[in-house]
Amino acid sequence: MGEEVKSLVVEEEMGVVESKEWYLVSYAPHGVPTTDHLKLRKVRLSIAPESIPDAHVAIEMLLFSVDPYLRGRFTGTLDGLYFPQFELNQVITIFGIGRVKRSNDSKYEEGDIVLSASFPVAEYCVMPSSEIDAKIDAASGISLPDYLSTLGVPGFAAWLGIEVVADPKPGSNVFISAASGGVGMIAGQLAKIRGCRVIGSTGSDEKVRLIKEEFGYDDGFNYKKEEDLDAVLSKFFPNGIDVYLDNVGGKMLESVLNHVNKFARIPLCGMISQYNQVWTEREGVRNLLNLVGKEVRMEGFLLKTHFNRFGDFAKEIEGHIKEGRLKPKTKINFGIESFLDSLNSLFSSSNIGKVVIQVNKA
C-alpha cells in the first residue's frame with residue numbers, strides 16, 4: 001500500500017475524507033462548458049460525529065442525475081429558462097442520491113439512502129438535513145437509477161407534459177421530438193398507455209429503431225436525413241397533430257405549427273437546440289399566427305411550479321414500473337471526473353436515454 005493511500009485510510013478512520021468536487025470558475029454564454037468554465041478540485045472534509053452541526057448530515061454521494069436544464073445555469077444570464085445562475089467559485093449542485101454516513105438529526109440514520117435536488121457535485125458533503133427531499137425504501141423493488149430517470153427529473157417532466165398539460169384523448173395523434181432522450185422515451189410510453197398514436201423524431205436511424213422496438217412508438221424518423229420537415233410531417237400526420245411535446249424548439253417547432261389540428265396542445269418542455277446560443281442567435285418561429293387560427297394552446301412548464309403534484313406522479317409511475325409498462329434506458333458513467341463529459345454528451349447526437357453518474361458504489 002502506497003504512503004498516500006495509507007494516509008487517506010488513516011484520515012478516514014479519524015473522520016476526515018478526501019472529496020473531489022466541481023466548481024464554476026467562469027460563465028459560458030456560448031457553446032458547451034469546458035474546463036475553462038468548470039474545474040475539479042480536491043478538498044479534505046471532516047465527517048467525524050463531533051464535527052457535524054445540529055440538523056445536519058454527512059453524505060456519501062452515490063448517483064447524480066445529468067439533465068439538459070443544467071446548461072441554463074452556466075450562462076451568466078437569466079433569459080430563456082430563468083433558472084438561478086450558479087455562483088462563481090462555488091461548487092455546483094445537482095439532483096442525486098446519497099448515503100448517510102453520519103447524522104446529527106434523529107430523522108436520519110447512518111446507511112439511509114436519500115434523495116435531494118441540491119446535492120453538491122462532490123464525492124462527500126455535510127449539508128442541512130432540511131435539503132433532503134426523501135428517503136428511498138430499499139425494499140421498494142425499484143432500482144436506484146430509476147429514481148433519477150422515470151421517477152426523477154425526466155420522468156416528472158414527461159408526466160407533466162403528457163398527463164397534465166396535454167391531457168390527450170385516446171386515439172390522439174401525438175408527436176414527440178428528442179424521442180430517445182431522457183424525457184422523450186418516457187413521454188412516448190405514457191402517451192401509448194393513454195391509447196394515443198405516437199410518432200417521434202430522433203437524430204439517427206438507430207434511435208428510430210430504439211423508440212419503436214424498446215419504447216413502443218408507432219413510428220419515427222431521423223430528422224437529420226430529412227431536407228423538408230413539412231413533407232415528413234405530412235407523411236406521418238396526414239390527419240394533423242393533436243399534441244406536440246416540444247423538447248427541441250427551432251425549425252422543428254416552426255414546422256409543427258403548419259400541421260397542428262384545431263385545439264391542439266403544445267407542451268413546451270425544453271428547447272435543447274437553442275441552449276448553447278444567446279437569444280439573438282436563436283432561430284425564430286415565423287408562423288405563430290397559426291396558434292390563433294387553430295386556437296392552439298402552447299404552454300411552457302417548470303417542474304418546481306407543479307411540485308405539489310409530485311406525489312400523484314410518483315404513485316402512478318411506480319405502478320407502471322412494477323407492472324412493466326414503462327421501460328427506461330439509462331447510461332451510467334463512472335466517477336465524478338466524468339461530469340463535464342456527461343453534461344456535454346446530452347447535446348450530442350449520440351446520446352440515448354437518461355445519463356447518470358455513479359460516484360460511489362451503492
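Start with the whole protein chain: 10 helices and 15 strands, taken as DSSP runs numbered from the N terminus (helices H or I, at least four residues; strands E, at least two). The radius of gyration is 22 Å, close to the 21 Å that the globule rule gives for 362 residues, so the chain is as compact as a globular protein of that length. That radius is taken over C-alpha atoms, and the rule is 2.2 Å times the number of residues to the power 0.38.

This is a predicted model, in which local features need pLDDT of at least 70 and side-chain atom pairs count only at pLDDT 80 or more, while totals for chains, interfaces and linings use all residues. Residues are numbered from 1 along each chain as its sequence is written, and side-chain values use heavy atoms, with hydrogens and water left out.

Show the C-alpha trace alone; along its principal axes the trace spans about 70 × 45 × 35 Å. Of the 362 residues, 51% are buried (under 20% relative accessible area; exposed is over 50%, partly exposed in between; 1.4 Å probe, protein chains only).

**Strand 3**

Select residues 56-66, which form strand 3; 10 of its 11 residues are buried. Three antiparallel partners can be added in turn; two strands pair if DSSP finds at least two bridges between them.

- Strand 4 (residues 93-103) is antiparallel to strand 3, with 7 bridges. Valine 57 has serine 103 as its bridge partner here.
- Strand 6 (residues 124-128) is also antiparallel to strand 3 and is joined to it by 5 bridges. Look for glutamate 60 opposite tyrosine 124.
- Strand 15 (residues 354-358) runs antiparallel to strand 3 through 4 bridges. Valine 66 is paired with valine 355.

**Serine 255**

Move to helix 7, residues 250-256, and pick serine 255. Serine 255 has a relative accessible area of 9%, so it is buried. Leaving out residues up to four places away in sequence, serine 255 touches Leu229, Asp230 and Leu233; contact means heavy atoms within 4.5 Å.

**Proline 267**

Next, select strand 12 (residues 260-268), where proline 267 lies. The relative accessible area of proline 267 is 0%, so this residue is buried. Beyond residues up to four places away in sequence, its contacts include Gly161, Val165 and Ala166, together with Val243, Tyr244, Leu245 and Asp246. Glu299 and Phe301 are also among the residues that proline 267 touches.

To finish, draw a C-alpha to C-alpha distance from proline 267 to glycine 72: the two are 19 Å apart in space and 195 residues apart in sequence.
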